[in-house]
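Subject: Structure handover and notes

Hello,

Here is the structure you were expecting, with my notes below it. Please read them with the model open.

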Amino acid sequence: MKTNRYYLFVLLLLFSTVLIGCEYNGPYKGNEVTQIYYCLQGSEWPVKYEKSYDFTNLTYSTKTCDDPYSHYKEDFIEHEFEIVATFTKEEADNFLKKISNHGIYNLKEDYQPFAMITDGSSWRLIITFSDGTTFNSGGYMKSPSQATTINKDSQDFIGVDLFTIYRNY
């Protein structure tokens, strides 16, 4: 009987050692994130705001498209991306681990309000991986429940929110 317990203990010890050595890489099996792109488009005012976290060049950039004089998209003035901040590989890895742990890969593909709303903002999140695959999520006037926690992670990382929604229904 003692021999069986001994073998069981050794087997459990070996199994737990193997599990501890395995690192969870999220749903993308170890492919590195190369970019997080976020776009906010308003329907009640003619502006589009874009953010890019570039993990290859270790930069955070923003750009806007706006038209101060009309609501016609063909009149938009599209500005170039402007680098707002830089970060280290270690800071980036820490941020990516935090947002993964806080459920960024559990976001639904689409978020919509319960009631029909015709004037508001829509958003799109695209995460690009080193093998070219993407993770996409977006919505209209509604953000995911994880947005507050992920925004805190982004604030700690680069000083800005990742998700920007002007009204949440």
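A salt bridge here is a side-chain nitrogen of Lys or Arg within 4 Å of a carboxyl oxygen of Asp or Glu. With that cut-off, Glu32, Lys89 and Asp93 form a linked network of salt bridges. Please keep in mind that this is a predicted model.

Overall layout

The protein contains 3 helices and 8 strands. Their order along the sequence is α-β-β-β-β-β-α-β-β-β-α. There are 169 residues, of which 38% count as buried. Among contacts in the protein with a separation of 6 or more, 58% are between residues 24 or more positions apart. The exposed surface comes to about 10,900 Å², and 55% of it is supplied by carbon and sulfur atoms.

Salt bridges

The search of the whole structure gave 4 salt bridges. Three of them are described here, starting with the two that make up the network.

Glutamate 32 and lysine 89 meet through their side chains, at 3.8 Å from N to O. Glutamate 32 sits in the loop between helix H1 (2-21) and E1, while lysine 89 belongs to helix H2, so this pair links distant parts of the chain, 57 residues apart. Neither partner is buried: glutamate 32 is partly exposed at 48% relative accessibility, and lysine 89 is partly exposed at 42%.

Lysine 89 also forms a salt bridge with aspartate 93, where the closest N and O atoms are 3.1 Å apart. Both of these residues are in helix H2, 4 residues apart, or about one turn of the helix. Aspartate 93 is partly exposed as well, with a relative accessible area of 38%.

The remaining pair to report is lysine 98 with aspartate 156, whose side chains meet at 4.0 Å, N to O. Lysine 98 lies in helix H2 and aspartate 156 in helix H3, so this salt bridge ties together parts that are 58 residues apart in sequence. Lysine 98 is partly exposed at 29% relative accessibility, and aspartate 156 is partly exposed at 45%.

Helix H2

Helix H2 covers residues 89-101, which is 13 residues. From its first C-alpha to its last, H2 reaches 18 Å, close to the 18 Å expected at 1.5 Å a residue. Its buried residues are Ala92, Phe95, Leu96 and Ile99. They are on the same side of H2, because the arc they cover around the axis is only 95°. The buried residues of H2 pack against strand E1 (33-42), E2 and H3. Glu90, Lys97 and Asn101 are exposed on the other side of H2. After H2 comes glycine 103, with a positive phi near 95°.

Helix H3

H3 has 12 residues and spans 16 Å from first C-alpha to last, close to the 16 Å expected at 1.5 Å a residue. Buried in H3 are Ala147, Ile150, Asn151, Asp153, Ser154, Phe157 and Ile158. Their arc around the axis is only 160°, so they fall on the same side of H3. The face of H3 turned away from that buried side carries the exposed residues Thr148 and Lys152. H3 is followed by glycine 159, which has a positive phi near 90°.

Two backbone angles to look at

Most residues other than glycine have a negative phi. Two non-glycine residues with a positive phi are listed here.

- Leucine 58 has a positive phi of about 55°. Leucine 58 is in the loop between strand E2 (47-54) and strand E3 (59-66). With a relative accessible area of 21%, leucine 58 is partly exposed; buried would mean under 20%.
- Methionine 141 has a positive phi of about 60°. Methionine 141 lies in the loop between strand E8 (134-140) and helix H3 (147-158). Its relative accessibility is 1%, so methionine 141 counts as buried.

Regards

Methods:
Residues are numbered from 1 along each chain as its sequence is written. This is a predicted model: local features need pLDDT of at least 70, side-chain atom pairs count only at pLDDT 80 or more; totals for chains, interfaces and linings use all residues. Side-chain values use heavy atoms; hydrogens and water are left out. Helices (H or I, at least four residues) and strands (E, at least two) are DSSP runs, numbered from the N terminus. Buried means under 20% relative accessible area, exposed over 50%, partly exposed in between (1.4 Å probe, protein chains only). Contact means heavy atoms within 4.5 Å. Accessible areas come from the Shrake-Rupley method with a 1.4 Å probe; for residues, only the protein chains shown count as cover. The expected span of a helix is 1.5 Å times one less than its number of residues. The arc is that of the directions from the helix axis to the C-beta atoms.
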